[in-house]
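Welcome, and thanks for taking a look at this structure with me. Below are a few numbered notes to help you find your way around.

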Amino acid sequence: MATATSDPIADMITRIRNANAIGKKQVRVKRSKICLGVAAVLKEEGYINGFDSIDDTNQGEIRIDLRYGDRGEKVIQGIKRSSRPGRRVYGGVKDLPRVLDGLGIAVVSTNKGVLSDRRCREFQVGGEILCSVW
């Protein structure tokens, strides 16, 4: 992991998608506040088993334990980046997308932290739509 990335969320999503596709149990991503927030939302919503922060001499890493069903079926069917550094996507509480009519979630960065779209509706806040997971 020697390369620097200008979009840590896209890097995190790509690593999760790739590890999930080949059935890996764990994946490591670079640690940042926003990535920790996204991991916390994925755990809260049941898409991953858990995560922990690993300290090293540099930035640190997040170790994410991916979740699979009893027969090895994937819990994360798809994960897609919505907002990018070149094209930010914002939404008010009424504009937040319903991913697969509520079967998936949108991860949103708000002034109350990184939340799922369900929690945003509960707290009546909008923000930057980071990604969608189903």
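1. Let us begin with a side-chain pairing. The side chains of Ser116 and Glu45 are joined by a polar contact of 3.0 Å. Please keep in mind as you read that this is a predicted model.

2. Where does Ser116 lie? You will find Ser116 in strand β7, which covers residues 113–116. Ser116 has a relative accessible area of 1%, and because buried means under 20%, Ser116 counts as buried. Leaving aside residues up to four places away in sequence, Ser116 touches Val41, Glu45 and Ala106. Glu45 thus appears both in that set of neighbours and in the polar contact with Ser116.

3. Next, have a look at two helices. Helix α1 spans residues 8–21 and helix α2 spans residues 33–44. Their axes come within 9 Å and cross at roughly 40°, which makes α1 oblique to α2. The crossing in which α1 passes α2 is right-handed.

4. Which residues make the contact between these helices? From α1 come Pro8, Ile9, Met12 and Ile16, while α2 brings Ile34, Cys35, Val38, Ala39 and Leu42. Sorted by class, the contact of α1 with α2 has 9 nonpolar residues, with no polar and no charged ones.

5. Staying with α1, Arg17 is also placed in this helix. Is Arg17 buried or partly exposed? Arg17 is partly exposed, and its relative accessible area is 36%. Not counting residues up to four places away in sequence, Arg17 touches Ile79 and Lys80. For a sense of distance, try Arg17 and Arg71: they are 54 residues apart along the chain, and their C-alpha atoms are separated by 19 Å.

6. Last, please turn to Leu130, which lies in strand β8 (residues 127–133). With 1% relative accessibility, Leu130 counts as buried. Setting aside residues up to four places away in sequence, Leu130 touches Ile9, Ile34, Val38, Arg81, Ser82, Ser83, Val107, Val108, Ser109 and Val114. Among these neighbours of Leu130 are Ile9, Ile34 and Val38, and you have already met those three in the contact of α1 with α2. Gly72 is 58 residues from Leu130 along the chain, and the C-alpha atoms of the two are separated by 28 Å.

Conventions. Residues numbered from 1 in each chain as written. Predicted model: local features only at pLDDT ≥ 70, side-chain atom pairs only at ≥ 80, totals over all residues. Heavy atoms only, no water. Axes fitted to C-alpha atoms, helices over the stretch in contact; angles between N-to-C directions. Helix = DSSP H or I, 4+ residues; strand = E, 2+ residues; numbered from the N terminus. Parallel < 35°, antiparallel > 145°, perpendicular 65-115°, else oblique. Left-handed = near helix turned anticlockwise from the far one by under 90°. Contact = heavy atoms within 4.5 Å. Nonpolar A, V, L, I, M, F, W, Y, C, P; charged D, E, K, R; others polar. Buried < 20%, exposed > 50% of the residue type's maximum accessible area, 1.4 Å probe, protein only. Polar contact = N/O pair within 3.5 Å; in protein donor to acceptor, adjacent residues only side chain to side chain.
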